[in-house]
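Reader: I would like to go through this model term by term, asking on what grounds each description is given. Could we begin as soon as the structure is in view?

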Amino acid sequence: GALEIRKVSAGPYDNNAYVIVSRDTGESVIVDTPAEPEKVLAAAAGTVVRAILITHCHPDHIQGHREIVAATRAPVWVHASEAEKLPIAPQHVFQHQGTIHLGRESLSTLHLPGHTTGGTAILWGKQLFSGDTLFPNGPGKTWSPDAFRQLVSMLKERIFTLDDDIAVRPGHGGDTVLGREKQQFRI
C-alpha cells in the first residue's frame, strides 16, 4: 500500500514502537517512544518524521521520549488527559475520531480509556495500532473493576465494530487479527 510499517521491539518490557512511512513522500510518524530510542531512530532513518504519536503515557512507552523528540524535532500528539505525564509538553492532543495526515493518507484516532485515561489507538486502513488496550487473547491490564468494565465497553463500541480482517499491532509482543480477538470475546 501507500504506507510501510516498520515494527521495532525495544526495552526490557518488549515494547513495540512503529514507524509508519509514506512511500510517496518519505514522511513518517513514530508510534510510541520506548527505551532503546536508537532502535526507533534507526527504523526512521531515511524518512522525515512528521509526528510522534503516543498511545498512552505509561513509563515503558515513553522512556526514550526525550531522545526521539530531540533527534526528530517532530511535534508530539497524546490524549489531553495524559499530556502532563510526558517529559516534554506535546504540541497536539488526540480527539476521539480525530485525523492525522501522512502524505496522502489519513490516520484516525480512537480514544479507548480503561488501561489508562488517555489510551488511544491509531487506525490506518486495515491496521490498528492498539497500544496496550488490546493484545492477542484480550484487553490490556486495568487496575480496578470499573476500569476493566470501561475498557471492555470501549473495545465493544469502538473497536469490535471494525472489520474482522484488520491487523492489530499491540504495544507489546506479537500481532493478531481483529476477527480472532472478537471470537475471544465471543462478539
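Reader: Which residues point one way from β2, and which the other way?

Author: Bearing in mind that this is a predicted model, Asn15, Ala17, Val19 and Val21 point one way from β2, while Asn16, Tyr18, Ile20 and Ser22 point the other way. In a regular strand the side chains alternate between the two faces of the sheet.

Reader: What makes strand β2 mostly covered?

Author: Strand β2 comprises residues 15-22, and 8 of its 8 residues are buried. The word buried stands for a relative accessible area under 20%, and the residues pointing either way from β2 meet it.

Reader: How do you know that β2 is paired with β1 and with β3?

Author: Two strands count as paired if at least two bridges are found between them. Strand β1 (residues 3-10) is joined to β2 by 8 bridges, and β2 is joined to strand β3 (residues 27-31) by 4 bridges, so by the cut-off of at least two bridges β2 pairs with each. Both pairings are antiparallel. As examples of partners, leucine 3 has serine 22 of β2 opposite it in a bridge, and valine 19 has isoleucine 30 of β3.

Reader: What lies between the strands of these hairpins, and which glycine has a positive phi in each?

Author: In the hairpin of β1 and β2 there are 4 residues between the strands, and glycine 11 in the turn has a positive phi of about 80 degrees. The hairpin of β2 and β3 also has 4 residues between its strands, with glycine 26 taking a positive phi near 75 degrees.

Reader: Why are β1 and β6 said to stand at the edges?

Author: The open sheet to which they belong has 6 strands in the order β1-β2-β3-β4-β5-β6, with mixed pairing. Each of β1 and β6 (92-94) has a single partner strand, so one side of each is left without a neighbour in the sheet. From one strand to the next, the twist averages 25 degrees.

Reader: What is the parallel part of this mixed pairing between β4 and β5?

Author: Strand β4 (residues 48-53) pairs with β5 in the parallel sense over 2 bridges, which meets the requirement of at least two. Leucine 53 stands opposite tryptophan 77 in β5.

Reader: Why is α1 called roughly parallel to α3?

Author: Helix α1 (residues 37-44) and helix α3 (residues 65-72) pack at an angle of about 30 degrees, with their axes 9 Å apart. Angles under 35 degrees count as roughly parallel, so the description applies to this pair. The crossing is right-handed, and the contact is made by Pro37, Val40 and Leu41 of α1 with Glu67, Ile68, Ala71 and Thr72 of α3. These contact residues divide into 5 nonpolar, 1 polar and 1 charged.

Reader: Across which strands do α1 and α3 lie?

Author: Helix α1 lies across β1, β2, β3 and β4, running at about 165 degrees to β1, whereas α3 lies across β3, β4 and β5, running at about 150 degrees to β4.

Reader: Why is valine 69 called buried, and arginine 73 exposed?

Author: Valine 69, which is found in helix α3, has a relative accessible area of 13%, and this is under 20%, so valine 69 is buried. Leaving aside neighbours within four places in sequence, valine 69 is in contact with Ile52, Ala74, Val76 and Ile88. Arginine 73 is placed in the loop between α3 and β5 (76-79), and its relative accessible area of 71% is over 50%, so arginine 73 is exposed.

Reader: What makes the phi of arginine 73 and of asparagine 137 worth a remark?

Author: Most residues other than glycine have a negative phi. Arginine 73 has a positive phi of about 55 degrees although it is not a glycine, and asparagine 137, likewise not a glycine, has a positive phi of about 80 degrees. Asparagine 137 lies in the loop between β11 (134-135) and β12 (138-139), and with a relative accessible area of 52% it is exposed.

Key
Residues are numbered from 1 along each chain as its sequence is written. This is a predicted model: local features need pLDDT of at least 70, side-chain atom pairs count only at pLDDT 80 or more; totals for chains, interfaces and linings use all residues. Side-chain values use heavy atoms; hydrogens and water are left out. Axes are lines fitted to C-alpha atoms, for helices over the stretch in contact, and angles run from 0 to 180 degrees between N-to-C directions. Angles under 35 degrees count as roughly parallel, over 145 as roughly antiparallel, 65 to 115 as roughly perpendicular and the rest as oblique. A crossing is left-handed if the near helix is turned anticlockwise from the far one by less than a right angle, and right-handed if clockwise. Contact means heavy atoms within 4.5 Å. Ala, Val, Leu, Ile, Met, Phe, Trp, Tyr, Cys and Pro count as nonpolar, Asp, Glu, Lys and Arg as charged, and the others, Gly among them, as polar. Buried means under 20% relative accessible area, exposed over 50%, partly exposed in between (1.4 Å probe, protein chains only).
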